[in-house]
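Here are a few short exercises to work through with the viewer open. Try each task before reading its solution.

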Amino acid sequence: MSASHEQKDAWVQDNIYSILAVWGPGMAYRKNADHDRHKAKAYELEQNMVRLMQGLPQCMMLQVDKVGKFEQTQSAKDSLHAKYCNTATCSTVVGDDQWGCLQVDATSLFLQFLVQMTASGPSKNQLPGSLPLSAYVSSSHLTAFMQNLIFHREAACRVADCLMWERGDKTSQGLAELNASSVGMAKAALEATDELDLFGVSGGPKSMTNILPDEVEHC
């Protein structure tokens with residue numbers, strides 16, 4: 001989703017917050033689904049949330065080569081971008097060295113809410129043929145990508161980044177800085193994704209994610 005009609009770029013963090021605005025009411029309607037109209041609203045919100053959540057991995061997977069490369073170089077030029085074009089192509093907006101792309105907290109925030117939404121489980125009123133809440137991770141190749149994304153966090157949690165406001169350190173000159181908020185967000189994401197079944201209630205050993213405990217301790 002783009003930031004506005006005038007600003008067509010789509011930020012990862014903004015999209016996560018927008019998805020939460022759909023997910024929260026959906027969970028509330030599910031909890032109080034005593035009437036058919038509440039069940040219908042819960043179903044509608046949950047299905048919209050799944051479709052919105054699917055967009056972020058699609059954009060990230062277009063930069064799959066950077067995930068493995070960053071683990072070796074830990075360079076900002078090899079980092080995942082934090083904003084994309086609001087088009088069907090999900091292409092990047094700027095070059096790798098033209099903007100503060102290295103935002104550790106953006107991808108970490110995505111992983112944390114992926115865990116929460118998967119753990120929330122399917123609705124009791126799930127209709128046959130509808131998308132379960134874990135449907136945004138429903139294939140083996142996407143599961144493998146998510147596991148590599150977790151390894152990407154292990155490499156990024158000790159790297160100076162441009163922070164969530166994209167300007168780097170306090171001088172606002174775009175200089176990367178090691179900061180507690182990004183490190184803490186990465187550490188929380190790693191701990192949350194340990195032994196996560198990405199397929200939810202329909203998963204098994206092959207859909208589980210794992211972390212390296214030593215890497216978490218280094219954060």
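**Exercise 1.** Work out what share of the residues in the chain is buried.

*Solution.* Keep in mind that this is a predicted model. Start with the cut-off: a residue is buried when its relative accessible area is under 20%. Go through the 219 residues of the chain with that cut-off, and 45% of them turn out buried. Now look at the outside: the accessible surface is about 11100 Å², with 53% of that belonging to carbon and sulfur atoms.

**Exercise 2.** Lay out the order of helices and strands along the sequence.

*Solution.* First, tally the elements: seven helices and two strands. Then read along the chain, and you get β-α-α-α-β-α-α-α-α. Next, check the contacts between residues at least 6 apart in sequence: 65% of these join residues at least 24 apart.

**Exercise 3.** Find the largest nonpolar core and say which element gives the most to it.

*Solution.* This core has 37 residues, and the members touching the most others are Phe 110, Leu 111, Met 146 and Leu 149. Two or more residues each come from α1 (12-31), α2 (36-61), α4 (104-119), α5 (140-156) and α6 (180-192). The top contributor is α4, with eight residues.

**Exercise 4.** Which residues does Leu 149 touch, not counting those up to four places away in sequence?

*Solution.* Leaving those neighbours out, you find Met 60, Val 67, Leu 80, Thr 107, Phe 110 and Leu 111. Finally, look apart from the largest core: another core of eight residues lies there, including Phe 70, Cys 157, Val 159 and Ala 186.

Note on methods. Residues numbered from 1 in each chain as written. Predicted model: local features only at pLDDT ≥ 70, side-chain atom pairs only at ≥ 80, totals over all residues. Heavy atoms only, no water. Helix = DSSP H or I, 4+ residues; strand = E, 2+ residues; numbered from the N terminus. Buried < 20%, exposed > 50% of the residue type's maximum accessible area, 1.4 Å probe, protein only. Contact = heavy atoms within 4.5 Å. Areas by Shrake-Rupley, 256 points an atom, 1.4 Å probe, with all protein chains shown as cover. Core = buried A, V, L, I, M, F, W, Y, C linked by side-chain atoms within 4.5 Å.
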